[in-house]
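Okay, thanks for squeezing me in today. I'd like to walk you through one model, mostly by way of its rings and its ligand, so have a look at it first.

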Amino acid sequence: MKQRWDIFCNVVDNFGDIGVCWRLARQLTLEHGLAVRLWVDDLASFARIVPDADPVADRQQLRGVEVCHWRQPFAGAEPADVVIEAFACELPETYITAMAVVPQRPLWINLEYLSAENWVTGCHRLPSPHPRLPLVKHFFFPGFVTGTGGLLREQGLLSVRSAFDSVAQAEFWQRLGVPARRAGELRISLFCYGSAPLRDLFAAWAASAVPVFVLLPVPQGAAVDAVAGFFGAESPAAGAVLQSGQLTVRLIPFLEQSEYDKLLWACDINFVRGEDSFVRAQWAARPFVWHIYPQADNAHQVKLSAFLDLYTAGMPADMAVAVRALWHDWNGAGRIDHTWPTFAAHQVALAQHGEKWAEGLCRLGDLASNLVRFSRNQI
Ligand code: TRH
């Protein structure tokens, strides 16, 4: 009989929580032959990234995963063999009680947010006994270094990426209804929060020496409002084309996850955010810029610096300075229009660095396989 895994996902906001959980659920099903139930409290967000999902179904079978609506109060379910609470979401009290009384206690894992901070390796896989019940929760951290759980990466992802040649790319643009590249054009994907200094960056791109063609998947909430503000456009929707000087911004529909990967592979530079798109940009191995999810007390700035320390470690000094300056400016430190030209000048070398960086990450194994290996050692 297949081992049963439950993944509980509480959508805090945006698409990252469910994006990560859905990716993990599919991988555990497809690549590890497990019987996976994904409990989601916000099916509307889920349906954004999985367009064929039914946003009101209590239970549905999608790509081999049983997707269940996690309602309040929880209707009850027999605990699985392995239970993942994603991002420290709180499991239903009745479910925890049920876990404590089944003869074979489930393995309980809290899958944590991604961080490059040093303390992560010290906390990865740590057990935490329940204060009252005979249960132990284990912390599992994704990460970028040995001693963490690595990153989500589907089997064969990098070979599929390598096979994405100019013909496949041309087909992709056609499918999106986007014109083929013009010679000398810089093509950029843009996914960010509304707080990004879009005006300054757009001003730099509008005045650029080369044409800059930006693909902006919508909805992105406040970010699209900021884009509209720059062009003086009123509530632009997918399909809209906005222009200023050398800059063209094309709004495209929010893509299915695997199509979003292709967008990252097909662009020269990718602006990504949060957690999952940030990871996908690393597998795309193109120059990328991270808009980090803002946190109270500027905790995100510490995380940003921690990642930059790792990512820029193997770079020539001038390139590292350019990357650090641009990323900090994109996250609120200063004038990105001033740092953009130097960053853009490193485009080719950054792509080469991206390949090496991705190779290093591959050596950590992938998060889903690492979770399965951990579960085998525990059960
Ligand atoms: O949506 P996000 O801002 O999610 C964030 C982060 O996860 C953050 O850590 C968390 O605390 C917060 O939510 C609550 O960004 P992220 O993580 O990149 O997730 C976006 C998901 O949407 C990802 O799975 C990629 C996917 N996506 C598509 O499938 N199609 C698209 O067109 C785009 C732009 C994204």
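**Rings, ligand and overall build**

So, counting ring pairs with centres within 6.5 Å, we get 42 aromatic pairs in this one. Keep in mind that this is a predicted model.

Let me pick out a couple. Take Trp22 and Phe46: their centres are 5.2 Å apart with 80° between the planes, and that makes an edge-to-face pair. What does this pair tie together? Trp22 belongs to helix α1, residues 16-32, while Phe46 belongs to helix α2, residues 43-49, so the contact links parts 24 residues apart in sequence. Both ends are out of reach of solvent by our cut-off of under 20%: Trp22 has 1% relative accessibility and counts as buried, and Phe46 is buried at 0%.

The other one I like is Phe271 with Trp330. Here the centres are 5.0 Å apart and the planes sit at 75°, so this is edge-to-face again, given that over 60 degrees is what the label takes. Phe271 is in strand β13 (residues 269-273) and Trp330 is in helix α12 (residues 317-330), so this pair joins a strand and a helix across 59 residues of sequence. Phe271 and Trp330 are both buried, too.

Beyond pairs, there's a cluster. Phe144, Phe278, Phe288, Trp290, Phe307, Tyr311, Trp327 and Trp357 make up one aromatic cluster.

And some rings have a charge over them. Arg187 puts its charged end over the ring of Phe213, 4.3 Å from the centre. Arg153, for its part, lies over the face of Trp283, at 5.3 Å from the ring centre.

Okay, on to the ligand. Which residues come nearest to the ligand? There are 21 residues around it, and the nearest are Tyr193, Leu255, Glu275, Asp276 and Ser277. For the polar side of things, a side-chain polar atom of Tyr193 is 2.5 Å from a ligand oxygen. Gln257 also brings a polar side-chain atom to a ligand oxygen, at 2.9 Å. With Gly16 the backbone does the job: one of its polar backbone atoms is 2.9 Å from an oxygen atom of the ligand. How much of the ligand does the protein cover? On its own the ligand has 710 Å² of accessible area, and the protein covers 97% of that.

One more polar contact, this time within the protein. Asp261 sits in helix α9, residues 257-266, and its side chain makes a polar contact of 2.9 Å with the side chain of Arg280. Asp261 has 6% relative accessibility, so we call it buried.

Is Pro131 buried or exposed? It comes out exposed, at 77% relative accessibility. You'll find Pro131 in the loop between β7 (127-129) and β8 (136-140). From the C-alpha of Pro131 to that of Leu326 is 46 Å, with their positions 195 residues apart along the chain.

Zooming out to finish: the chain has 15 helices and 14 strands, and 56% of its 379 residues are buried. A compact globule of 379 residues would have a radius of gyration near 21 Å, and the chain's 21 Å agrees with that. Along the principal axes, the C-alpha trace spans about 70 × 45 × 40 Å.

That's it from me, happy to take questions.

Technical notes: Residues numbered from 1 in each chain as written. Heavy atoms only, no water. Phe/Tyr/Trp six-rings, centres within 6.5 Å; stacked < 30°, edge-to-face > 60°. Helix = DSSP H or I, 4+ residues; strand = E, 2+ residues; numbered from the N terminus. Buried < 20%, exposed > 50% of the residue type's maximum accessible area, 1.4 Å probe, protein only. Lys NZ or Arg CZ within 6 Å of the ring centre and 35° of its normal. Near = heavy atom within 4 Å. Polar contact = N/O pair within 3.5 Å; in protein donor to acceptor, adjacent residues only side chain to side chain. Areas by Shrake-Rupley, 256 points an atom, 1.4 Å probe, with all protein chains shown as cover. Rg over C-alpha atoms; globule rule 2.2 N^0.38 Å.
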